[in-house]
Amino acid sequence: MYDVIVVGGGAAGLSAAIFTSRRKLKTLVISIDIGGQTNLTNKISNYPGFTDLSGPKLMDIFRNQAKSTGTEFIFGKFKNIEKEGEGKDQRFIINLTNGESYKGRAVILAYGKVPRTLGIPGEDKFVGRGISTNAVQDGHIYKQKKVAVIGGGNSAVEAAELLSETSSKVYLVHRRQQFRAEEITIERVRALSNVEFVLDSVPTQIKGNSVVQALTVEDVNSKSQRELKIDGVFIEIGFVTDTSFVNGLVKVNAANEIITNEYCETSTPGLFAAGDVTTIPYKQTIVSAGHGATAGLSAYTYLQKLDGKPVVKIDWT
Ligand SMILES: Cc1cc2nc3c(=O)[nH]c(=O)nc-3n(C[C@H](O)[C@H](O)[C@H](O)COP(=O)(O)OP(=O)(O)OC[C@H]3O[C@@H](n4cnc5c(N)ncnc54)[C@H](O)[C@@H]3O)c2cc1C
């Protein structure tokens, strides 16, 4: 039995665990990986205090800090959550896909988002055989090969820039003329001689035999088709929130993000949420870390009150 179970080992989850462990609450982090989406950036330039650090290095610091304060870790995939009992006897049961279950008196949901899919023929067939959603991790596979990056946000443009360093040719396929990415990054990518912008175009099919060999794109205006001969496709079209895990226990908005108040409380007492999985504006590492800290302190306050113990004053007011 844990005091607090944190689901998700990204910036929000690790930060929450640091705050609950420091309050001497028996804390377990359950996660598929450690670091989450922050691991996907090879240089994090907007986390105050760290000017030249990769995402994975920053997340290592978070992990070590959580570990040193007593947090326990289990690697596994969260399947669903159940609630039993009421008031002081209330418990949450976290079920994993491997059949294991863990019980906690309070739970902090911090499992972020999952990559959005294209929904086109060939996409399911070639996952792991030429299709990737992670240029930092998989880019090296396509050394001196041709790749396509799909998307128009920061992730896509940054992926194209990174891949241009090792791949012989990079097609950047985007359904509009205008990008959502930062201007400064777009300008840098426009200057790269081995990056070709394929604009006003949507992917319609991924082709190949045992591995990816081509991507078909359609011009949204003329409807003409073009086949790009490539070895790899990087799908960088954003992330979606999966709330099927917690159906019924939390309220969500139209984008399926978990609604919380400023204390990271959900609609179920004892169940908190933090970071990208929530409605919090600005999906950034520093924001998730701060949100995780709030969730950790709120879980502590909740348990102290439940046990009739005094709540240590945490703010300066
Ligand atoms: C390519 C890219 C570059 C970025 N660059 C920057 C940047 O430079 N600066 C910046 O501030 N932000 C950046 N971001 C955004 C930032 O990474 C996120 O806002 C941040 O990671 C959110 O943290 P989080 O803990 O809320 O969620 P996540 O980082 O998504 O962590 C979620 C955690 O939950 C785990 N998880 C998910 N599903 C399950 C499940 N079913 N069972 C168990 N565990 C699960 C995951 O394994 C992960 O550990 C970038 C994002 C991307 C994609």
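Colleague: Which residues are exposed on the other side of α2?

Modeller: This is a predicted model, and in it K57, K67 and S68 are the exposed residues on the other side of α2. The buried residues of that helix are G55, L58, M59, F62 and A66. They cover an arc of only 95° around the axis, and therefore sit on the same side of α2.

Colleague: How many residues does α2 have, and what span should they give?

Modeller: The general idea is to multiply a rise of 1.5 Å a residue along the helix and to set the result beside the distance between the end C-alpha atoms. Helix α2, residues 55-68, has 14 residues and should therefore span 20 Å, and its end C-alpha atoms are indeed 20 Å apart, which agrees.

Colleague: Which residues of helix α5 are buried, and where do they lie around its axis?

Modeller: Here one reads burial first, where buried means under 20% relative accessible area, and then looks down the axis. In α5, residues 183-190, the buried residues are T185, I186 and V189. Because these buried residues fall within an arc of 100° when seen down the axis, they line one face of the helix. The face of α5 turned away from that buried side carries E183, I184 and E187, which are exposed.

Colleague: Let us turn to the ligand. How many residues surround the ligand, and which are the closest?

Modeller: The shell around the ligand has 31 residues, and the closest are D33, Q37, N46, F78 and D276. Sorted by class, that shell has ten nonpolar, 16 polar and five charged residues. Two helices, α1 (11-22) and α6 (285-306), each supply at least two residues of the shell.

Colleague: Which backbone atoms lie within polar reach of the ligand, and how much of the ligand is covered?

Modeller: For such contacts one looks for pairs of N or O atoms within 3.5 Å. A backbone N or O atom of F78 lies 2.8 Å from a nitrogen atom of the ligand, and a backbone N or O atom of I32 lies 3.3 Å from a ligand nitrogen atom. A polar backbone atom of Q284 is 3.2 Å from an oxygen atom of the ligand. The protein covers 91% of the 1,000 Å² of accessible area that the ligand has on its own.

Colleague: And a residue in a loop: where does N261 lie, and what does its side chain reach?

Modeller: N261 lies in the loop between β16 (239-240) and β17 (271-273). Its side chain reaches the backbone nitrogen of Y263 at 2.9 Å, and N261 is partly exposed, with a relative accessible area of 29%. The C-alpha atoms of N261 and F272, eleven residues apart along the chain, are separated by 9.5 Å.

Note on methods: Residues are numbered from 1 along each chain as its sequence is written. This is a predicted model: local features need pLDDT of at least 70, side-chain atom pairs count only at pLDDT 80 or more; totals for chains, interfaces and linings use all residues. Side-chain values use heavy atoms; hydrogens and water are left out. A residue is near a molecule or strand if one of its heavy atoms lies within 4 Å of it. A polar contact is a pair of N or O atoms within 3.5 Å; within protein, one must be able to donate a hydrogen and the other to accept it, and residues adjacent in sequence count only if both atoms are side-chain atoms. Accessible areas come from the Shrake-Rupley method with a 1.4 Å probe; for residues, only the protein chains shown count as cover. Helices (H or I, at least four residues) and strands (E, at least two) are DSSP runs, numbered from the N terminus. Ala, Val, Leu, Ile, Met, Phe, Trp, Tyr, Cys and Pro count as nonpolar, Asp, Glu, Lys and Arg as charged, and the others, Gly among them, as polar. The expected span of a helix is 1.5 Å times one less than its number of residues. Buried means under 20% relative accessible area, exposed over 50%, partly exposed in between (1.4 Å probe, protein chains only). The arc is that of the directions from the helix axis to the C-beta atoms.
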